[in-house]
Number of protein chains: 2
Amino acid sequence: MNRPEPGLPHTGRVIDADRLHAVITAELARRRADVAAVDPRLVADVELLVEFVTDGGKRLRPQFLWCGWLAGGGAATGPDADAVLQVAAALELLQACALLHDDIIDRSQRRRGRPSTHRAVAKRAADAGVAADPEHHGVSVAILLGDLALAWCDDLFLAGALPLGAAHRAAPVWRAMRTEVLAGQLLDLAVTVSAEADPATQERDAMRVNRYKTAAYTIERPLHLGAALAGAAPATIAALRTYGTDIGVAFQLRDDLLGVFGDPAVTGKPAGDDLVEGKQTVLLALARAELGRAPDRVGELADLDAGVGRADADTEKLTAIIAGTGAVGAVERRIAELVGTGLAALSSIGPDGRSAVPDPVHERLADMAVAATARRR
Amino acid sequence: MNRPEPGLPHTGRVIDADRLHAVITAELARRRADVAAVDPRLVADVELLVEFVTDGGKRLRPQFLWCGWLAGGGAATGPDADAVLQVAAALELLQACALLHDDIIDRSQRRRGRPSTHRAVAKRAADAGVAADPEHHGVSVAILLGDLALAWCDDLFLAGALPLGAAHRAAPVWRAMRTEVLAGQLLDLAVTVSAEADPATQERDAMRVNRYKTAAYTIERPLHLGAALAGAAPATIAALRTYGTDIGVAFQLRDDLLGVFGDPAVTGKPAGDDLVEGKQTVLLALARAELGRAPDRVGELADLDAGVGRADADTEKLTAIIAGTGAVGAVERRIAELVGTGLAALSSIGPDGRSAVPDPVHERLADMAVAATARRR
């Protein structure tokens with residue numbers, strides 16, 4: 001199978017990163033000007049959001065949107081393709097809102113190798129000696145910047161869907177996507193707070209958070225949205241959604257492994273970040289289940305439960321405990337299975353006897369399934 | 001002039017409160033079900049948002065939207081009117097996001113006579129003994145509930161604008177409105193943090209916050225949006241926007257007076273709430289300017305500056321200092337002037353020689369100008 005590398009000439013199968021970048025920067029320049037018209041002093045705050053969106057991220061959701069668009073028969077160039085790029089940019093702004101607000105909720109100090117936005121604002125306020133409570137000021141500004149990103153993403157969705165005449169058919173997907181990711185975040189919070197002790201319940205909860213907070217939002221719905229914009233056949237949409245759910249969950253399971261075993265120099269996050277944060281992952285649930293079944297390992301289980309979620313956790317020790325179980329292997333197997341079922345869905349045949357997902361997109365999605373689940377960051 | 005009272009038979013000039021309520025409750029019931037489908041445990045959180053929107057508020061923005069719609073020639077009944085009610089409901093959800101997030105930013109303990117949402121969640125978590133940090137949990141949930149409200153308001157905007165075939169012409173107004181209110185909130189924060197000492201600068205900043213955070217968002221843009229949905233003539237839109245800006249600023253100046261002198265039993269907020277919060281209002285700027293000009297009143301000015309923005313402020317004393325200046329009278333005069341210029345704009349004549357704002361809407365807007373600026377809560 002042909003596996004294009006990043007940087008190879010644009011064939012239309014891959015979203016044009018330069019054009020997407022140009023759409024994002026042009027839109028953000030207009031928005032910076034809108035905010036400056038209210039008051040020039042706001043530009044410094046908004047610039048943090050602009051840089052966050054301009055410089056950051058893997059543009060994963062736009063790529064999947066693009067694949068859905070092509071799978072549904074959309075053109076790779078021309079005015080319709082330009083309109084789809086507006087929706088692609090919308091996904092990046094939605095993601096900016098999710099990350100800014102998530103970092104407040106998780107009290108994350110760093111993101112993408114830099115201070116998180118609320119921390120950056122707090123530090124600037126503290127350095128300037130303004131704000132009685134710089135931390136609270138940082139959180140306040142980051143809440144509003146996230147809100148701006150959320151409002152602007154809807155503007156971009158409309159700016160793309162209206163000229164395509166596709167707003168009616170794309171709106172239900174757009175609606176579901178935003179509600180699912182926010183409900184998934186709420187569920188993540190509820191699950192983390194309740195700190196379920198039973199490993200089976202913990203695993204089921206973690207899978208459900210993966211399903212909504214990540215899988216639907218990152219892969220399934222972007223593909224679905226692209227296909228809906230193109231007016232794809234139901235069989236195509238069904239195949240893409242099955243692929244999206246399976247690869248999306250596998251993507252999150254890889255993230256869970258990286259959150260414990262990832263190299264900070266590559267991930268941009270501190271080592272064992274998920275352990276300090278107390279994230280209730282499938283990996284952790286499987287490790288706890290195994291330790292709970294072995295009478296001679298109750299000490300390790302107690303250490304794990306005592307350490308996870310503590311700011312001063314000994315992450316090296318906790319990482320070693322998890323590595324000493326079969327949980328890592330089990331998660332790796334589950335990732336492999338999901339990649340298998342996800343790829344199989346791409347081979348499904350529509351009622352017209354033709355492949356539900358056309359060959360060039362099929363190949364591209366196979367490449368992306370590997371990239372999303374075998375990554376190091 | 002005929003001044004209809006609330007509860008009088010529906011004439012079409014007033015938005016039908018029962019129908020609006022029905023639209024809001026039906027939409028929220030669907031959304032509660034969407035979230036329950038992700039996980040039934042989320043319903044308790046979302047119920048707080050549902051109650052907040054269902055029970056609360058003066059429905060001021062929907063009223064102005066309705067007036068803009070009628071002024072632009074929209075029908076008071078039928079399918080088009082039903083579609084406009086969807087957009088009216090969208091405004092209430094946008095307002096819910098603004099208030100939930102604002103209460104976090106302002107650390108407001110109460111809203112509409114009840115605990116603010118982040119406080120209600122925090123209390124529930126503390127009572128249940130879950131969450132290591134109930135306060136942070138409350139803030140986290142309220143951030144996400146506000147995000148849901150912001151996403152859902154966009155869904156409702158589309159649900160109304162698409163069947164009207166008005167999405168193209170209404171989208172720029174919708175875009176401007178959301179950016180302005182969020183930029184206005186950012187500016188409010190920037191102004192409060194910088195704590196400008198010069199009363200003239202402070203007054204100018206306060207007026208600018210009023211302009212964007214309140215006037216545009218509460219009156220000007222809802223009128224403009226309704227008129228845009230109806231495809232109103234430019235002269236009509238211009239008249240409505242001038243009215244909206246003037247009455248909107250006057251509305252906020254009234255709010256500033258109520259924030260210091262309001263009756264807590266009527267406003268639902270503690271006495272002198274704005275003083276504790278350190279809100280930089282035109283009222284405060286005018287009081288400070290007057291005290292600063294009188295050499296024998298430097299003590300009062302020092303007391304005022306030392307007290308405003310402190311959680312333990314002696315609000316009775318601060319209120320008395322402000323009442324002892326001419327600031328209250330000056331703000332009252334400014335309100336009266338703005339009501340005058342705002343009402344005058346309604347009498348403007350279009351290029352076709354006809355009144356830019358038709359008589360029945362003109363009368364209704366005149367009533368609402370009084371209601372918005374002479375209110376006690």
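**Salt bridges, helices and backbone in a predicted two-chain model**

Biologist: What is the relative accessible area of B:R208?

Modeller: In this predicted model, B:R208 counts as partly exposed. That class lies between the buried limit of under 20% and the exposed limit of over 50%. The relative accessible area of B:R208 is 27%.

Biologist: Which residue meets the side chain of B:R208 in a salt bridge?

Modeller: The contact is a salt bridge with an N to O distance of 2.7 Å. Because B:R208 belongs to helix α8 (residues 199-230) of chain B and its partner to the loop between α1 and α2 of chain A, the pair joins two chains. The partner is buried, with a relative accessible area of 1%. The residue is A:D39.

Biologist: Which residue of chain A forms a salt bridge with B:D155?

Modeller: The side chains meet at 2.8 Å, N to O. The pair crosses between chains, from helix α6 (residues 134-161) of chain B to helix α7 (residues 167-194) of chain A. B:D155 is buried at 6% relative accessible area, and its partner counts as buried at 0%. The partner is A:R178.

Biologist: Which residues of chain B belong to the salt-bridge network that includes A:E27?

Modeller: This network arises from salt bridges that share partners. From chain A it contains A:E27, A:R30, A:R31, A:D34 and A:D155. From chain B it contains B:D154 and B:R178.

Biologist: How many salt bridges does the structure hold over all chains, and how far apart are the closest N and O atoms of A:R32 and A:E47?

Modeller: Over all chains, the structure holds 70 salt bridges. One of them pairs A:R32 with A:E47. This pair links distant parts of the chain, 15 residues apart, with A:R32 in helix α1 (residues 17-38) and A:E47 in helix α2 (residues 43-55) of chain A. A:R32 is partly exposed at 26% and A:E47 is partly exposed at 23%, while their closest N and O atoms are separated by 2.6 Å.

Biologist: How many residues of α9(A) are buried?

Modeller: Helix α9 (residues 234-261) of chain A has 28 residues. From first C-alpha to last it reaches 40 Å, close to the 40 Å expected at 1.5 Å a residue. The helix is mostly covered, and the number of buried residues is 22.

Biologist: Why is α12(A) described as largely enclosed, and how many of its residues are buried?

Modeller: Helix α12 (residues 282-293) of chain A has 12 residues and reaches 17 Å, close to the 16 Å expected at 1.5 Å a residue. The buried residues include A:V282, A:L286, A:R288 and A:L291. The helix is largely enclosed by the rest of the structure because, of its 12 residues, the number buried is nine.

Biologist: Which residue of the loop between β1 and β2 of chain B has a positive phi?

Modeller: Most residues other than glycine have a negative phi. In this loop, between β1 (110-111) and β2 (114-115), one residue other than glycine has a phi near 50°. It is partly exposed, with a relative accessible area of 33%. The residue is B:R112.

Biologist: What is the phi of B:A131?

Modeller: B:A131 is found in the loop between α5 (117-128) and α6 of chain B. It is buried, with a relative accessible area of 16%. Although B:A131 is not a glycine, its phi is positive, at about 75°.

Biologist: What distance in space separates A:G73 and A:A232?

Modeller: A:G73 sits in the loop between α3 (60-71) and α4 (79-105) of chain A, and is exposed at 62% relative accessible area. Along the sequence, A:G73 and A:A232 are 159 residues apart. Their C-alpha to C-alpha distance is 6.8 Å.

Biologist: What distance separates the C-alpha atoms of A:T373 and A:L28?

Modeller: A:T373 lies in helix α16 of chain A and counts as buried at 6% relative accessibility. A:T373 and A:L28 are 345 residues apart along the chain. Their C-alpha atoms are separated by 31 Å.

Biologist: Which residues form a positive surface patch with A:R377?

Modeller: A:R377 lies in the segment after α16 (359-373) of chain A. Its relative accessibility is 52%, so A:R377 counts as exposed. The other members of the positive surface patch are A:K58, A:R112 and A:K269.

How values were computed:
Residues are numbered from 1 along each chain as its sequence is written. Chains are lettered from A and ligands numbered from 1 in the order in which they are written. This is a predicted model: local features need pLDDT of at least 70, side-chain atom pairs count only at pLDDT 80 or more; totals for chains, interfaces and linings use all residues. Side-chain values use heavy atoms; hydrogens and water are left out. Patches are made of residues with over 30% relative accessible area and no salt bridge: like charges are joined within 9 Å, nonpolar side chains (Val, Leu, Ile, Met, Phe, Trp, Tyr) within 5 Å. Accessible areas come from the Shrake-Rupley method with a 1.4 Å probe; for residues, only the protein chains shown count as cover. A salt bridge is a side-chain nitrogen of Lys or Arg within 4 Å of a carboxyl oxygen of Asp or Glu. Lys and Arg count as positive and Asp and Glu as negative; His and the chain ends are not counted. The place of a charge is taken as NZ of Lys, CZ of Arg, CG of Asp or CD of Glu. Helices (H or I, at least four residues) and strands (E, at least two) are DSSP runs, numbered from the N terminus. Buried means under 20% relative accessible area, exposed over 50%, partly exposed in between (1.4 Å probe, protein chains only). The expected span of a helix is 1.5 Å times one less than its number of residues.
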